[in-house]
Amino acid sequence: MNILNEAYKDLNIVAEKNAGKYQQAHPFPYIYFDDFFDEIFLNSVLSEFPDLRTVNASSYNSPTELKLASRGEGQFSPAAKQLAYFLNSEPFLKFLNKLTGIEETLLPDPYFQGGGYHEIKKGGFLKIHADFNKHQATQLDRRINILVYLNKDWHPEYGGDFELWDESMQRKEVGIAPLFNRMAIFSTTSLSYHGHPDALNCPDDRSRKSFALYYYTNGRPENETVAFKDMHGTIFKDRKGVEADKSMKRFTAFASVLKNVMPPFIFNGIRRIFIKD
């Protein structure tokens with residue numbers, strides 16, 4: 001079965017054509033492609049998407065995020081494994097290097113830490129944040145995120161746009177609707193703030209589905225390490241003056257205090273109340 005849409009068969013040409021657009025984008029490098037994958041193939045990925053409530057997936061339930069996510073390749077369907085293997089293949093990695101202008105060799109994550117199936121149900125959200133900057137097991141530097149959206153007949157009133165925010169958190173710069181067969185690619189640093197901050201308003205029988213992969217390098221440019229030289233987890237940010245983010249701000253501040261004063265085993269036990277994995 002074909003994986004790519006015929007229009008994107010020559011990844012080298014696609015990268016050359018779009019490198020400038022990606023690297024010069026604001027508020028940080030990003031791009032998205034529509035109909036990137038063969039429709040029949042991606043229909044298989046969608047039709048095999050599991051009920052994440054029944055497969056021992058990670059469940060996030062806090063003022064910062066309300067979502068479900070798979071844990072490792074073992075929970076992928078046959079079609080999802082094909083998709084993951086292709087997106088972690090040598091031709092696609094070379095495509096990413098050329099598109100992004102990243103000089104260091106990009107490496108995939110065979111552990112799918114934080115990657116794989118993502119699902120947000122009605123009322124769910126993921127507040128604006130910058131991602132963890134190093135892989136927990138390999139200590140490699142996180143550089144690129146890819147999100148493949150799997151939502152057919154998605155209406156604007158459902159919400160769920162993927163938002164990119166400026167470093168000062170004063171304004172949303174970009175909103176990308178999570179439409180079926182749309183692939184978003186963006187560079188991750190400690191200041192690349194993004195997310196889906198407002199509660200999803202889809203019908204009860206719908207959800208916002210995506211497939212995520214992350215890419216790493218051994219080291220990163222010095223200008224990207226200035227803000228946070230040390231390893232850090234996800235950094236959540238409140239939108240200035242937004243009432244819905246006030247509880248999130250209080251929650252993250254309280255969590256930071258607890259982390260500094262509690263032994264790790266106690267803090268991690270409390271953390272598991274909100275993140276069941």
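Let me begin with the interior. The largest nonpolar core has 44 residues, and the members that touch the most others are F37, F92, F95, I185 and Y215. Several elements contribute at least two residues each to this core: the helices α1 (11–23), α2 (39–47), α3 (78–87) and α4 (90–100), together with the strands β1 (30–34), β6 (141–149), β9 and β11 (207–217). The largest share comes from α3, with six residues. I should say at once that this is a predicted model.

In soluble globular proteins, nonpolar side chains tend to be buried together. Here, a second and separate core exists as well; it has 16 residues, including Y30, F132, F162 and V174.

As for the overall setting, the chain is built from six helices and 13 strands. It has 277 residues, and 51% of them count as buried. Among contacts with a sequence separation of 6 or more, 83% are between residues 24 or more positions apart.

I turn now to α4. Which of its residues are buried? They are F92, L93, F95, L96, N97, L99 and T100. The buried residues of this helix pack against α1, β1, α3, β6, β9 and β11. F95 can serve as an example: leaving aside neighbours within four places in sequence, F95 is in contact with L11, V14, A15, F33 and I185. After the helix comes G101, with a positive phi near 80 degrees.

The next residue I wish to discuss is S192. It is placed in the loop between β9 (182–187) and β10 (193–196). Is S192 buried or exposed? Its relative accessible area is 1%, under the 20% limit, and therefore S192 counts as buried. Its side chain reaches the backbone nitrogen of T189 at 2.9 Å. Setting aside the neighbours within four places in sequence, the residues in contact with S192 are F28, H129, A130 and S187.

Two of the residues just named, S187 and T189, reappear in the lining of the second largest pocket, where they are listed with P29, N223 and E224 as lying nearest its centre. That lining comprises 23 residues, which divide into eight nonpolar, nine polar and six charged. The space in this pocket is about 440 Å³.

What of enclosed space? The structure holds one cavity of 30 Å³ or more. The volume of the largest cavity is about 40 Å³. Its lining is formed by N88, D109, F112, Q113, G115, A212, L213 and Y214. By class, four of these are nonpolar, three are polar and one is charged.

Finally, I would draw attention to R71, in the loop between β3 (65–69) and α3. R71 has a relative accessibility of 34%, which lies between the limits of 20% and 50%, so R71 counts as partly exposed. Its side chain reaches the backbone oxygen of N56 at 3.0 Å. In addition, R71 and G114 lie 43 residues apart in sequence, while their C-alpha atoms are 7.4 Å apart in space.

To close, I return to two loop residues. S192 is buried and its side chain reaches a backbone nitrogen, that of T189, whereas R71 is partly exposed and its side chain reaches a backbone oxygen, that of N56. Thank you for your attention.

Terms used
Residues are numbered from 1 along each chain as its sequence is written. This is a predicted model: local features need pLDDT of at least 70, side-chain atom pairs count only at pLDDT 80 or more; totals for chains, interfaces and linings use all residues. Side-chain values use heavy atoms; hydrogens and water are left out. Helices (H or I, at least four residues) and strands (E, at least two) are DSSP runs, numbered from the N terminus. Buried means under 20% relative accessible area, exposed over 50%, partly exposed in between (1.4 Å probe, protein chains only). A polar contact is a pair of N or O atoms within 3.5 Å; within protein, one must be able to donate a hydrogen and the other to accept it, and residues adjacent in sequence count only if both atoms are side-chain atoms. Contact means heavy atoms within 4.5 Å. A nonpolar core is a set of buried Ala, Val, Leu, Ile, Met, Phe, Trp, Tyr and Cys residues joined through side-chain atoms within 4.5 Å. On a 1 Å grid over the protein atoms alone, a cavity is a set of points where a 1.4 Å probe fits but cannot get out, and a pocket is an open set with protein on both sides within 12 Å along at least five of seven lines; lining residues have an atom within 4 Å of a point. Grid points are joined across faces, edges and corners, and a volume is the space filled by probe spheres set on the points. Ala, Val, Leu, Ile, Met, Phe, Trp, Tyr, Cys and Pro count as nonpolar, Asp, Glu, Lys and Arg as charged, and the others, Gly among them, as polar.
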